[in-house]
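Hi,

Here is the structure I promised to pass on. Have a look at it first, then read on for what turned up when I went through it.

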Amino acid sequence: MNRTAIVSRKSFPRWIIILGVLGMLAALGLMIGLLVHFLAVENRIYYYQGSFKVLNIPYDRNYERETSLESNLLSKILETKMVDAFQSSNIYRQYINSQIITLFPDNNSVTAHIWLVFKDPLSEKENLRRRIESILYRMLENHSGSLTMDPGSLKLMEINKVDAEKIINSRCGRRPRMSATYDRIKGGSTAHEGEWPWQASLRVNGRHHCGASLIGERFLLTAAHCFQKTKNPKNLTISFGTKVTPPYMQHYVQKIIIHEDYVTWDHRNDIAVVMLTERVSFKNDVHRVCLPEATQIFLPGEGVVVTGWGALSHNGKSPLLLQKAPVKIIDTDTCNAEEAYGGRIADTMLCAGYMEGKIDACQGDSGGPLVHPNSRDIWYLVGIVSWGDECGKINKPGVYTKVTAYRDWIAAKTGI
């Protein structure tokens, strides 16, 4: 039997068809409108790199060193000029950030390489670049102040986000702009993702044991006393990020270099270098901290930050997320007073915290960083968590290995 299906066709009223067509046209119009709005009105982020010359500066190779006094002073002056120029211009609403990335000295000049971030609709993209160039050109023409700059040397080009992030992440001590507030480490607060990109976890047989600071592609600094249990690199790994577990960007240890004159009983020379088997790929949330110059001075009363996964109180629980705590550098004489540490603080150590206690590093923070931002908001490793009497006790602030005292030793062991 032939089972052919017979289908009857039902026609819709004309007004339904018209409504359907109108609805489709309205939807299409809405999509086109949104697209036009996105292209013409919605802001996008644009990144630029460029360079210009500062004239009449005698050759000094210190300008090449990103942590030198000369480099930071000139970079600060130039960054201030750029900020002032853009914020007083007609594109101040589009301006986001500008930084000096590197300086290259020549016979009688220094070339400054710059990094810029702006926002504007796509429709204004070409116009934006012309306006940026014009503002920079006028800034370079203005010879007010002690610097003479060459407007004819100005170069500027747009770069993509990936290349922009590579440039900024290759420099030490940079980090995303974060809130300056702190809440509760002992008395600290939970760190944001990528807030302390140099913080590392030194793990023994897969478990967090100490903190460490990334100072180069293959090198970290930590405390010598972190290796009292084991000095075998095969038992050690390094991980990064804000979560202590599971490990993030795990790396294996090739070599441990403990200071030759480390003395266990009085904590002298409590510093060690960790060398990794492979290089760390720098990212937004993982890159190196700056090392200070040996001559750099961090004065008592200056604000610093200690970070780590240590206990929240003496013999207390340890957090899963990285903690941060604001502390202040304490004068060595105050720290060496009879009611404090009674003369046990050597000139290769520094105290940080509060004599009234409460906020402090604790067990598990050992080897981790104590950092300080300079006037350009670039962060330097001031100290390494070393020892203390319990955590947060009155008159017993945290004691740290003073990094400036070991700058030459670090350079000898790492080449950094």
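**The barrel**

Six strands form a closed barrel in the order β6-β7-β8-β11-β10-β9, and their pairing is antiparallel. On average, neighbouring strands of this sheet are turned by 45° against each other, direction ignored. Do keep in mind that this is a predicted model.

For a way into the barrel, try strand β6 (residues 199-204) and strand β7 (residues 207-214): the two run antiparallel and are joined by six bridges. Ala200 has Ala212 in β7 as its bridge partner. A helix also comes into the picture here. α6 packs on the sheet and touches β8 (219-222), β10 and β11, and the direction of α6 makes about 25° with that of β11.

As a reminder, strands of a sheet pair through backbone hydrogen bonds, either parallel or antiparallel.

**Another set of strands**

Next, go to strand β12 (residues 303-308). How much of β12 is covered? Mostly: five of its six residues are buried. β12 has pairing partners in β13 and β15. Strand β13 (residues 323-330) runs antiparallel to β12, and six bridges join them; if you want a spot to zoom in on, Val304 stands opposite Val327 in β13. With strand β15 (residues 369-373), β12 pairs over two bridges, again in the antiparallel sense. There, Val305 has Val371 in β15 as its bridge partner.

**Salt bridges**

Side chains of opposite charge can pair when their charged atoms come close. How many salt bridges does a search of the whole structure find? It finds 13. A few to look up:

- Lys413 and Glu260 form a salt bridge in which the closest N and O atoms are 2.6 Å apart. Lys413 lies in helix α6 (residues 407-414) and Glu260 in the loop between β10 (248-258) and β11 (272-276), so this pair ties together parts that are 153 residues apart in sequence. Lys413 is partly exposed, with a relative accessible area of 29%, and Glu260 is partly exposed too, at 49%.
- Glu195 pairs with Arg175 in a salt bridge, with 3.6 Å between the closest N and O atoms. Are these two buried or exposed? Both Glu195 and Arg175 are buried.
- Asp389 forms a salt bridge with Lys393, where the closest N and O atoms are 3.7 Å apart. Asp389 counts as partly exposed because its relative accessibility is 28%, which falls between the limits of 20% and 50%. Lys393 is partly exposed as well, with a relative accessible area of 32%.

There is also a network: Glu66, Arg171 and Arg288 are joined into one by salt bridges that share partners.

**The largest cavity**

Two members of that network, Glu66 and Arg171, turn up again here. Rolling a probe the size of a water molecule over the atoms shows where empty space is left. The largest cavity holds about 70 Å³ of space. Which residues lie nearest its centre? Of the 13 residues that line the largest cavity, those are Glu66, Ser71, Ile101, Thr102 and Arg171. Both α2 and β2 (95-105) supply at least two residues each to the lining, and β2 gives the largest share, with four residues.

**Backbone details**

Some places in the loops are worth a look while you have the model open.

The peptide bond that joins Thr245 and Pro246 is cis, with omega about 0°. You will find Pro246 in the loop between β9 (236-240) and β10.

Asn56 has a phi near 60°, which is a positive value in a residue other than glycine. Asn56 sits in the loop between β1 (43-55) and α2 (69-87). Is Asn56 buried or exposed? Asn56 counts as exposed because its relative accessibility is 54%, and the cut-off is over 50%.

His267 is not a glycine either, yet its phi is positive, at about 65°. The place to look for His267 is the loop between β10 and β11. Glu260, from the salt bridge with Lys413, lies in that loop too.

That is what I have for you. Happy browsing!

Terms used:
Residues are numbered from 1 along each chain as its sequence is written. This is a predicted model: local features need pLDDT of at least 70, side-chain atom pairs count only at pLDDT 80 or more; totals for chains, interfaces and linings use all residues. Side-chain values use heavy atoms; hydrogens and water are left out. A salt bridge is a side-chain nitrogen of Lys or Arg within 4 Å of a carboxyl oxygen of Asp or Glu. Buried means under 20% relative accessible area, exposed over 50%, partly exposed in between (1.4 Å probe, protein chains only). Two strands pair if DSSP finds at least two bridges between them. Axes are lines fitted to C-alpha atoms, for helices over the stretch in contact, and angles run from 0 to 180 degrees between N-to-C directions. Contact means heavy atoms within 4.5 Å. On a 1 Å grid over the protein atoms alone, a cavity is a set of points where a 1.4 Å probe fits but cannot get out, and a pocket is an open set with protein on both sides within 12 Å along at least five of seven lines; lining residues have an atom within 4 Å of a point. Grid points are joined across faces, edges and corners, and a volume is the space filled by probe spheres set on the points.
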